[in-house]
Amino acid sequence: MSQINSDRYAPFDPAPSLWSYRLLRLMLSPFLRRLIFYGIPVLLLIGVGLLNLTNEQRREQVLTAFNDLKMFVTERPEFMVNLMSLKGASVSVMQDIREVVPIDFPVSRFDLDLDHIRQIILGLGPVKDANVRVRSNGVLQVDVVERAPAFLWRRENGLEVLDETGIYVRTGASRLQHRDLPLIAGEGADSQVAQAQQLFEAAKPLRERLRGLVFIGERRWDVVLDNGQRLMLPEKNPVLALERLIAINQAEDLLERSVKVVDFRLQHRPTLQLRRRAMHEFKQTKLMQLGQIND
Amino acid sequence: MTDLYQKQRAMRAMRKAAMQRGVIAVLDVGSTKISCLILRFDGVNLNDESEGVGSIRGHSSFSVIGSATTASRGVGFGEVLSMREGERAIRTALQSAQKLANIRVDHVIACFSGGKPRSYGLAGEANVQNQVVSEQDIARVLSACDVPDYGDSREILHAQPVNFGLDDRSGLDDPRGQLGERLYTDVHMLTVDEKVIRDLAHCVKRCDLELAGVASSAYASAVSSLVEDEQELGAACIDIGGGATGVCVFLKKHMIYCDAVRLGGEHITRDVSMGLQVPIVTAERIKTINGGLFATGMDDRDMIEVRGDTGDWEHDRRLVSRTELIGIMRPRAEEILEEVRNHLDAAGFEHLPSQQIVLTGGSSLIPGLDGLASRILGQQVRLGRPLRIHRLPQAYSGPTCSSIVGLSLFAAHPQDEWWDFEMQPEGYPARSVKRAVRWFKENW
Ligand SMILES: Nc1ncnc2c1ncn2[C@@H]1O[C@H](COP(=O)(O)OP(=O)(O)O)[C@@H](O)[C@H]1O
Ligand SMILES: [Mg+2]
């Protein structure tokens, strides 16, 4: 209470005048305070700014100054990207990517639209997935997962390599180059590669003789073996049919005989078409059996 | 009477408005110092029905956001003596407090110790209308109270229902909802000189503030310095200020008696000044630094240097023994306490179950006052300090500030008063003061 004691008998009267008191209270009223401390300064700033901007030349100045500042920041060496590093792509794909990604290095990382670049790269056939990012040392790192070639598709105007989902990977130069890939043919075969894959699985026992699958009329498969033999599979459950056929073959060596076509389209009534000579021999034999050959 | 009722209700409305705004100022107009606190209410809980009857609820938590104290000018005996001086002093306090709080306040609750307060005990009875006591019944029993003729120039400051009785039960805090036929009540009424309130209201008005309530500072001191069981079991709070000494008796958590002695620390200072032939300022310093009430052998050798600036070297460099100083101070202190004792006797203080005396106010800091008081007033004497309230500055924790702290508590949680109930009081017959404790004696 010393503070109270010390001014108890103060020689002068510390009372504020009525008007200074009223002014204080006015200044303390919430609305006026907000107006004076925020409202008026903000209005002033906005006013000055607008006044400046009405002048065309000024506006240009401000704009260039702004751009300069932006350049100054974005063009700092820390933010520059100097080269692109590709990983996971074969040489030809790499070339393709370098061709389609339109970047003139060096470029600021703020000007790179990584998502856009990624979309471009994904647009390339052989690319399955791509990851594009900027590494800290100014390298644009592109990690690519290529599509694995799974089928060779013979079309009217050449060969196409497809991946396991039937998506185009690249054009094949010749069959010999892709000897390891199973061959399919026929319009629309690319939409049925899953089934083709199953059929190839089922046809494993015939691997030595298998030439390829032909998609007929965009609905069913033919299995083509060497020396022109053909197994016509039904539309429904072709895999089952093939498996049955192979079972028959293993039991009776059906395909070793002079059969040209095994027609399995009607499962309950398979039909064989013999080769012309065999047909002739068969006829002879039959006639002989019937004793009608008057030799 | 009607006039008063209207005025008090207007003040209640003002208080409500202040509560809604969340800030209110409290002002203690003492004869030595004028202090002002600015309170901010955090959340007003209007549904708190925990205590008391009536419509004034809303106990809320508050904190002090601004405070100021200035020396009183133009104030004596707890009254504004010079309007211009008093107004300027009040303005000083209000301005510094608002500046410190950085907020503008529009409502103020004030307390003062002067105005020759007088206590009355009123009683009233009425039939309960629908068996269950309702708010209307309480209003009716209050208006059935026989109001004594307290004089034309006086005004009611407080009129608080302190007790309710229902049929043969008494000592009820809140009879609402209880079953019964006849409802009794005891009301404690406090009147002061009308002029004092008017002067104070005028000063506040000149400071562009609205008066949202007035209280007796003796009552405010008691609110802050009596602890809960003292308020419950009976205690008197003696606030010995500069120009007036307030006496306030509490029982059952209600004020049942309030009075003021127009003597205080300033009279002691004046005695010292006259006795030692020193200016008032020096006397005040000597009193607060070296003052005491019990002389021991050592005090004979304890020489106090008395400084003066009359130019007379001999006169300005005197030495006075502390015994001499004590000899000057003690009679006046005794006189004050004797006077307090007379008032307490008149109030029937000895009938209370507990006769705790709590000394507070600036002059209770005089060393040995509690010892002197226990000789004159009774055995149970202690020195009181105000309660702590949230964010109260340290400088306000002493006994000099018990009335301003009590006023803050009063502002946050006012007692229900007569005018908080709907109906107007009507009758006027007189009753004795002792009536205030009658119900207690009968029903303890
Ligand atoms: N430490 C102290 N010792 C003795 N008296 C004191 C002391 N401090 C204050 N006083 C006295 O207390 C009185 C002021 O008490 P206070 O309660 O502040 O008065 P008021 O309520 O009238 O403003 C003054 O007369 C002062 O001399
Ligand atoms: Mg006081």
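# Close-up views of a two-chain model

**View 1. A salt bridge between the two chains, centred on A:R25 and B:D106.** In this predicted model, the side chain of A:R25 meets that of B:D106 in a salt bridge, with a nitrogen-to-oxygen distance of 3.0 Å. Across the interface of chain B and chain A, 2 salt bridges are found by the rule, and the count of residue pairs in polar contact between these chains is 9. The elements of chain B that give two or more residues to the side touching chain A are β3 (60–71), α2 (83–101) and α8 (280–290). Of these elements, α2(B) supplies the largest share of that side, namely 8 residues. Sorted by type, the residues on the side of chain B that touches chain A comprise 11 nonpolar, 8 polar and 11 charged ones.

**View 2. The interface of chain B and chain A as a whole.** Here 30 residues of chain B are in contact with 20 residues of chain A. The size of an interface is often expressed as the accessible area that is lost when the parts come together. Between chain B and chain A the buried area is about 2400 Å², and carbon and sulfur atoms give 54% of this area. Within chain B, the residues that lose the most area to chain A are B:R91, B:Q95 and B:R104, which together make up 24% of what that side buries.

**View 3. A second pairing between the chains, B:D208 with A:R22.** Side chains of opposite charge can pair when their charged atoms come close. The side chains of B:D208 and A:R22 meet in a salt bridge at 2.9 Å, N to O. Because B:D208 lies in the loop between α4 (194–206) and β11 (210–216) of chain B, while A:R22 lies in helix α2 (residues 18–28) of chain A, this pair joins two chains. B:D208 is partly exposed, with a relative accessibility of 31%, and A:R22 also counts as partly exposed, at 28%.

**View 4. Salt bridges within chain B.** Over all chains, the count of salt bridges by this rule comes to 37. One pair is formed by B:E87 and B:R206, whose closest N and O atoms are 3.1 Å apart. As B:E87 belongs to helix α2 of chain B and B:R206 to helix α4 of chain B, the pair ties together parts that are 119 residues apart in sequence. Of these partners, B:E87 is buried at a relative accessible area of 8%, whereas B:R206 is partly exposed at 35%. Another pair is that of B:K116 and B:D193, with 3.9 Å between the closest N and O atoms. This salt bridge links distant parts of the chain, 77 residues apart, since B:K116 sits in the loop between β6 (107–112) and β7 of chain B and B:D193 sits in strand β10 of chain B. B:K116 is partly exposed, with a relative accessible area of 45%, whereas B:D193 is buried, with a value of 18%. Salt bridges that share partners also join A:R25, B:R21, B:R104 and B:D106 into one network.

**View 5. Helix α3 of chain B and the strands against which it packs.** The helix spans residues 135–143, and its buried residues are B:D137, B:I138, B:A139, B:V141, B:L142 and B:S143. The buried residues of α3(B) pack against three strands of chain B, namely β7 (118–127), β8 (154–166) and β10 (182–193).

**View 6. The surroundings of B:T185.** B:T185 is found in strand β10 of chain B, and this residue is buried, with a relative accessible area of 1%. Leaving aside residues up to four places away in sequence, B:T185 touches B:L122, B:A123, B:G124, B:V141, B:L142, B:C145, B:P161, B:N163 and B:F164. The C-alpha atoms of B:T185 and B:F164 are 4.4 Å apart in space, although the residues are 21 apart in sequence. The side chain of B:T185 also reaches the backbone oxygen of B:N163, at a distance of 3.0 Å.

**View 7. Cysteines of chain B without a disulfide.** A disulfide is a covalent bond that joins the sulfur atoms of two cysteines. A search of the whole structure finds 0 disulfides over all chains. B:C203 is in no disulfide, and the nearest cysteine sulfur, belonging to B:C207, is 7.2 Å away. B:C203 counts as buried, at 0% relative accessibility. For B:C258, the closest cysteine sulfur is that of B:C248, and the 4.8 Å between the two sulfurs is too far for a bond. B:C258 likewise counts as buried, with 0% relative accessibility.

How values were computed. Residues numbered from 1 in each chain as written. Chains lettered and ligands numbered in written order. Predicted model: local features only at pLDDT ≥ 70, side-chain atom pairs only at ≥ 80, totals over all residues. Heavy atoms only, no water. Buried < 20%, exposed > 50% of the residue type's maximum accessible area, 1.4 Å probe, protein only. Helix = DSSP H or I, 4+ residues; strand = E, 2+ residues; numbered from the N terminus. Contact = heavy atoms within 4.5 Å. Buried area = accessible area lost by both parts, 1.4 Å probe. Salt bridge = Lys/Arg side-chain N within 4 Å of Asp/Glu carboxyl O. Polar contact = N/O pair within 3.5 Å; in protein donor to acceptor, adjacent residues only side chain to side chain. Nonpolar A, V, L, I, M, F, W, Y, C, P; charged D, E, K, R; others polar. Disulfide = S-S within 2.5 Å.
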